Amino acid sequence: MRTPGLNKLVSRAQKGEKDAFGKIYKLHLKEIFRFIYFSLRNYELSQDLTQNTFFKAWRALPNFSLSRGSFRTFLFAIARNLIIDEIRRKREISLEAVAEMPSNEDSQEETEKNELKRVVQNALSSLSKNEQHLIVLHFFEEFKFREVAKILGKREGAVRVATHRILKKMKRYLEEKNYE
Amino acid sequence: MNKKLAKIRHNYLKIEPPEDLKNYGWQALKEQIEEQEKRKFLFLPIFSRSLIFLSIAFFVLIVTVGFAYASWKAAPGDTLYPIKQLSERVISSLGKNNKIDIKNKHDVLKTSSPKPKNSVKAASEKEVKKTNQTGKTKDAKLEERIKIIKLPDDILKKKDSGNQSPEIIQAVSNIKKDINQEVKGLENKKQDIKTENKLNLP
């Protein structure tokens, strides 16, 4: 998501304008929520962590600088840290819950497609949380490798190599399940 | 693989936050931010530390001054007397003038004993009574002693009637002299006690 007025809103929010931060909140609420929900599979917990992400962002706003990356990257980095903290706190999050992702394709014709999606989702779930975040951020949220590297706190080259390795891993998983 | 992931992405993008969060999320967050801003002033790390330090120092000061003030009128034997001594020592070590201390003590005595005259009078009356009683007992004792001393003299008088050798007569007269001297001394003492008693009377 590229919003031309975002930088202006950020600088206004940095001056203490809550309404400007409110606009930023409405712009990024959906993507932050889905990123957290995809990792935790818990609606209520995801809501709390989303709110907490924006609260932490507000508190850290005076220290934020555009020279270190976009505000979106900054928000996702906060959200990711909160997810990791939560996972460390409760390690019992079920990987099976991945199959609960919403889908409107209920027709019989789509059954095969859905089955493939389910297997791909399972392949994704078999990855570690770091690997899942990398895939979600690059392929689903369309962050560039440079931005993903900033969110994950790694070097860009390492992220590229890791992405290649993860895709191979997933491909192998699908081959094992006869879904090439 | 990228195509397959793109299909998954389609589902991923369908994840929506609940309506509550969409409609009231910002309002709730704004309230949280405002509440935090209110508390921010008191919970600044440096401010809170100095606030705690100041409150402890204030508490200690109040307790010290309170004890010093409460112990100011304490007399020896009171629970707070050691504190009074300590506070006096502190004041004197701080270089306070001793004359001021004496004046303060005088004021304290004045206020702490409102009827000094009456109490002194009562005490002196009690003392005189006691002295009279002891004077009387001393007098009685002397009388008794004189009687005892005079007893051999009476016996000697009775025995004078018979024939006695000149040595015995001489010895008896010597004894008589001694007895008389002792009786005289005791009577003088008796007189002294009487005059003493008279002087002690209010």
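## A salt bridge between the chains

D19(A) pairs up with K30(B) in a salt bridge, with 3.9 Å between the closest N and O atoms. That distance comes from a predicted model, as does everything else here. K30(B) and D19(A) aren't on their own, either: the count between chain B and chain A is four salt bridges.

Add to that the polar contacts. Eight residue pairs are in polar contact across the interface of chain B and chain A, with both partners at pLDDT 80 or more.

## What chain B brings

Two helices of chain B, α1 (2–12) and α2 (19–40), each put at least two residues into the side that touches chain A. The top contributor to that side is α2(B), with twelve residues. Sorted by class, the side of chain B facing chain A has 13 nonpolar, six polar and nine charged residues.

## How much gets buried

The size of an interface is often given as the accessible area lost when the parts come together. For chain B and chain A, the buried area comes to about 3,500 Å², and carbon and sulfur atoms give 71% of it. As for who takes part, chain A puts in 44 residues and chain B 28 residues.

Which three residues supply more than any others of the area that chain B buries against chain A? They are Y12(B), I15(B) and W26(B), and together they account for 22% of that area.

## Chain A as a whole

Chain A is helices and no strands: the tally is eight helices and zero strands. Read along the sequence, then, the pattern is simply α-α-α-α-α-α-α-α.

Chain A has 180 residues, and 51% of them count as buried. Take the contacts in chain A between residues at least 6 apart in sequence, and 63% of these join residues at least 24 apart. On the outside, chain A has an accessible surface of about 9,700 Å², with 47% belonging to carbon and sulfur atoms.

## A closer look at E86(A)

E86(A) sits in helix α4 of chain A, which covers residues 71–89. Is this glutamate buried or exposed? Its relative accessibility is 6%, so E86(A) counts as buried, the cut-off being under 20%.

What does E86(A) touch? Its side chain makes a 2.9 Å polar contact with the side chain of R89(A). Setting aside neighbours within four places in sequence, E86(A) is in contact with L40(A), L45(A) and L49(A). So the picture for this residue is a polar contact to R89(A), plus contacts with three leucines, L40(A), L45(A) and L49(A).

Notes: Residues numbered from 1 in each chain as written. Chains lettered and ligands numbered in written order. Predicted model: local features only at pLDDT ≥ 70, side-chain atom pairs only at ≥ 80, totals over all residues. Heavy atoms only, no water. Helix = DSSP H or I, 4+ residues; strand = E, 2+ residues; numbered from the N terminus. Buried < 20%, exposed > 50% of the residue type's maximum accessible area, 1.4 Å probe, protein only. Polar contact = N/O pair within 3.5 Å; in protein donor to acceptor, adjacent residues only side chain to side chain. Contact = heavy atoms within 4.5 Å. Buried area = accessible area lost by both parts, 1.4 Å probe. Salt bridge = Lys/Arg side-chain N within 4 Å of Asp/Glu carboxyl O. Nonpolar A, V, L, I, M, F, W, Y, C, P; charged D, E, K, R; others polar. Areas by Shrake-Rupley, 256 points an atom, 1.4 Å probe, with all protein chains shown as cover.
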